[in-house]
Amino acid sequence: MSTDGHEEGEIAVAADRLLVPLSDTVTVRQTVGYAVRSGLEDAGELAIHLVVALPHEASLPESRQRTAEAEELLSKAENWVQEDAGSASVTIKTTLLGTDEYLFGPRDFAETFNDYAQEHDIDLIVLDPEYQPGSTAQILQSVELELDAVGLAYDEAPVERPARHQRLVGDVSERFDRLFAMFWISYGFYLVLGDPTYWFDLVTGAAVAGIVSLSLAHVTFTFPLDRVQSPIRAIRFGLYIPYLIWEIVKANIAVSAVILRPSMPIEPTMTRINTRVRGGLPLLALANSITLTPGTLTVRADDQRLIVHTLIPSARDDLFDGGLERAIRFVFYGRESAAIPTPRERGDTEIIGGDDQ
Amino acid sequence: MIETIRFWVIVVLLGLGVFFTFVSTVGVIRLPDIYARAHTASQTDTLGAGFALAGVAVAFGWQHAAVYTVLLLFFVFITNPTAAHAIARSAAESGIEPWTNDSDEDGDSQ
């Protein structure tokens, strides 16, 4: 990769119109610095286009904060360029891309960059090796492939990544924990489906669990496991299920009563609720539990801001009282964390459509 | 004696399952728009399938097959909200406005 970058660095020398897609990474500062340096090396004049491609539609209410963050990043990057350029003449242009469409995969990003490059006569794209436009996994590799496909010249900035070494240190025991957990989960599942007292199932189960854990452990657990906390969480989740079923039964009866009444007194509303859970798994559990209880339906999830459609007022009140949120906090963060004010008391709720009260 | 109780437990559980499935069907027909219908469609999966599978588990008795029904219910409980969310989200993305009480009584939202 380094020789590759070097060769394309030669092209960078001749370039005087650069496109730098930015995202909030640890290496974005170095990438901007490299772009300015390599651009100024030969050509006396440099036009640098800083863009942030938004993975969400900017017009939607829940993307507003992200748009604000993107604009902040752009203005920061503009200052960096001015700082690095010194007395050399550099024209800076900052743009938000993808504001009117929904960019989904690497291909959408590559095509957006290509359109922009054609429009502004861009010679070269300087990519941040950690470039990560969405909240999803890193997509640099695939962006490179797609850029190749549309025939755009790009250059990967040579940056130093201090975080990489730290990640390698705890790797062995972390890897073992994942394999260990994955092995026993899949072995347990195999024996539940099979017969735990039959030797053949025990042997084939161990073999299958071995293959599954080797091939899938790093996919299943995207976060490091904790030897004490993770099993405790699993037990707490077991306690959570009866509570969830009770909530589902209550909500089902309430919704059924409304549907069967001839006048059908529904009051559909769109609400926004800022939940206090972090990370993918707790949020998934919460959003799914909200959807699972009839009367509330998660329409959109943007980090911890959920847009929830509620059918009847009592379901909305339950949602704003945050019973499920507290239960999820109990499962993932423990008993003390569960005792927090309700979303209504925190002012984290908002009715954005339908009946106003 | 035990057998009679078990028989009636099964009948009641299946009856409840059928009842909630029926309510859910009525809801899908009566409710005004896609979001409201998604609420009630998930009732079939939660309590409708839940009670029916509980009845099946009781009918099988303390056997291996009863474990399967619990697993089945577990997967239904994971996939149902995912599907409901996917429908609601795609509706929101295609710009369907939620029906409210202020909307025209006859105006079916798409």
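These exercises work through the interface of chain B and chain A in a predicted model.

**Exercise 1.** Find how many residues each chain gives to the contact, and the area buried between chain B and chain A.

Solution. Start with the residues. Chain A gives 38 residues and chain B gives 38 residues. Next, the area. About 3,200 Å² is buried between the two chains. Carbon and sulfur atoms account for 68% of that area. Then look at single residues of chain B. B:Arg30, B:His39 and B:Arg89 supply 20% of what chain B buries against chain A, more than any other three residues.

**Exercise 2.** Identify the salt bridge across the interface, and say whether A:Arg300 is buried or exposed.

Solution. The rule finds one salt bridge across the interface. Its partners are the side chains of A:Arg300 and B:Glu93, at 3.0 Å from N to O. These two side chains also make a polar contact, at 3.0 Å. Now place the arginine. A:Arg300 is found in strand β7 of chain A, residues 296–302. Its relative accessibility is 7%. The cut-off for buried is under 20%, so A:Arg300 counts as buried.

**Exercise 3.** Count the residue pairs in polar contact across the interface, then describe the side of chain B that touches chain A by helix and by class.

Solution. Count the pairs: nine are in polar contact, with both residues at pLDDT 80 or more. Go on to the helices. In chain B, α1 (2–30), α2 (34–60) and α3 (64–93) each supply at least two residues of this side. The largest share, 16 residues, comes from α3(B). Finish with the classes. This side of chain B has 22 nonpolar, 12 polar and four charged residues.

Conventions: Residues numbered from 1 in each chain as written. Chains lettered and ligands numbered in written order. Predicted model: local features only at pLDDT ≥ 70, side-chain atom pairs only at ≥ 80, totals over all residues. Heavy atoms only, no water. Contact = heavy atoms within 4.5 Å. Buried area = accessible area lost by both parts, 1.4 Å probe. Salt bridge = Lys/Arg side-chain N within 4 Å of Asp/Glu carboxyl O. Polar contact = N/O pair within 3.5 Å; in protein donor to acceptor, adjacent residues only side chain to side chain. Helix = DSSP H or I, 4+ residues; strand = E, 2+ residues; numbered from the N terminus. Nonpolar A, V, L, I, M, F, W, Y, C, P; charged D, E, K, R; others polar. Buried < 20%, exposed > 50% of the residue type's maximum accessible area, 1.4 Å probe, protein only.
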